[in-house]
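The following paragraphs lead the reader through one molecular structure, beginning with a pair of charged side chains and moving outward to the helices around them. Please keep the sequence and the model in view while reading.

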Amino acid sequence: MTEPVKGPASYFPSIEKKYGRPIAEWKDLIRASPLTKHMELVTWLKTEHGLGHGHANALVAHTLAENNGE
């Protein structure tokens, strides 16, 4: 039996469904951005791409954690 997904990744299915882009594409956008701070990236996703706060926060948190080897 598999463990349920927890943390930021638990938002991924609803993000893909609501915004029509795969998570890998969102992560690529975040990594390509000149912004580096968590809240700057969240604000950018909200204003430039129309994401809700929770979805933007989950994507940024997960992407930055991956980049930091966490």
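E66 forms a salt bridge with R31, their closest N and O atoms lying 2.6 Å apart; a salt bridge here is a side-chain nitrogen of Lys or Arg within 4 Å of a carboxyl oxygen of Asp or Glu. This pair links distant parts of the chain, since E66 belongs to helix α4 and R31 to helix α2, 35 residues apart. Helices are DSSP runs (H or I, at least four residues) numbered from the N terminus. The model is a predicted one, in which local features need pLDDT of at least 70 and side-chain atom pairs count only at pLDDT 80 or more, whereas totals for chains, interfaces and linings use all residues. Residues are numbered from 1 along each chain as its sequence is written, and side-chain values use heavy atoms, with hydrogens and water left out.

E66 has a further partner in K27, the two side chains meeting in a salt bridge of 2.9 Å, N to O. E66 lies in helix α4 and K27 in helix α2, so this pair ties together parts that are 39 residues apart in sequence. K27, R31 and E66 are thus linked in a network of salt bridges. In general, side chains of opposite charge can pair when their charged atoms come close. How is each member of the network placed with respect to the surface, buried or exposed? Buried means under 20% relative accessible area, exposed over 50%, and partly exposed in between (1.4 Å probe, protein chains only). E66, at 36% relative accessibility, counts as partly exposed, and R31 is partly exposed at 38%. K27, at 9%, counts as buried.

How many salt bridges does a search of the whole structure find? The search finds 3. One of them joins the side chains of E25 and R21 at 3.0 Å, N to O. E25 is partly exposed, with a relative accessible area of 34%, and R21 also counts as partly exposed, at 27%.

Helix α4 itself comprises the 15 residues 53-67. Its expected span is 1.5 Å times one less than its number of residues, which gives 21 Å, and the end C-alpha atoms are 21 Å apart, in agreement with that value. The buried residues of α4 are H55, A56, A58, L59, V60 and T63. They pack against α1 (12-19), α2 (23-32) and α3 (38-49). An α-helix has 3.6 residues a turn, so residues three or four places apart point the same way. After α4 comes G69, whose phi is positive, near 75 degrees.

The three packing partners of α4 may now be taken in turn. The axes of α2 and α4 are 10 Å apart, and the two helices pack at an angle of about 70 degrees. That makes α2 roughly perpendicular to α4, a description reserved for angles of 65 to 115 degrees; angles under 35 count as roughly parallel, over 145 as roughly antiparallel, and the rest as oblique. Axes are lines fitted to C-alpha atoms, for helices over the stretch in contact, and angles run from 0 to 180 degrees between N-to-C directions. On the α2 side, I23, W26, K27, I30 and R31 meet L59, V60, H62, T63, E66 and N67 of α4, where contact means heavy atoms within 4.5 Å. The salt-bridged residues K27, R31 and E66 are therefore among those that meet between α2 and α4.

The axes of α3 and α4 come within 9 Å and cross at roughly 135 degrees. These two helices are therefore oblique to each other. Their contact is made by H38, M39, L41, V42, L45 and K46 of α3 and by H53, A56, N57, L59, V60, A61 and L64 of α4. L41, in helix α3, is buried, with a relative accessible area of 1%. Leaving aside residues up to four places away in sequence, L41 touches I30, S33, L35, T36, V60 and L64. The C-alpha atoms of L41 and A61, 20 residues apart along the chain, are separated by 9.7 Å.

Finally, α1 and α4 pack at an angle of about 125 degrees, with their axes 10 Å apart. They too are oblique to each other. F12, S14, I15, K18 and Y19 of α1 make this contact with H55, A58, L59 and H62 of α4. In the segment before α1 lies S10, which counts as partly exposed at 38% relative accessibility.
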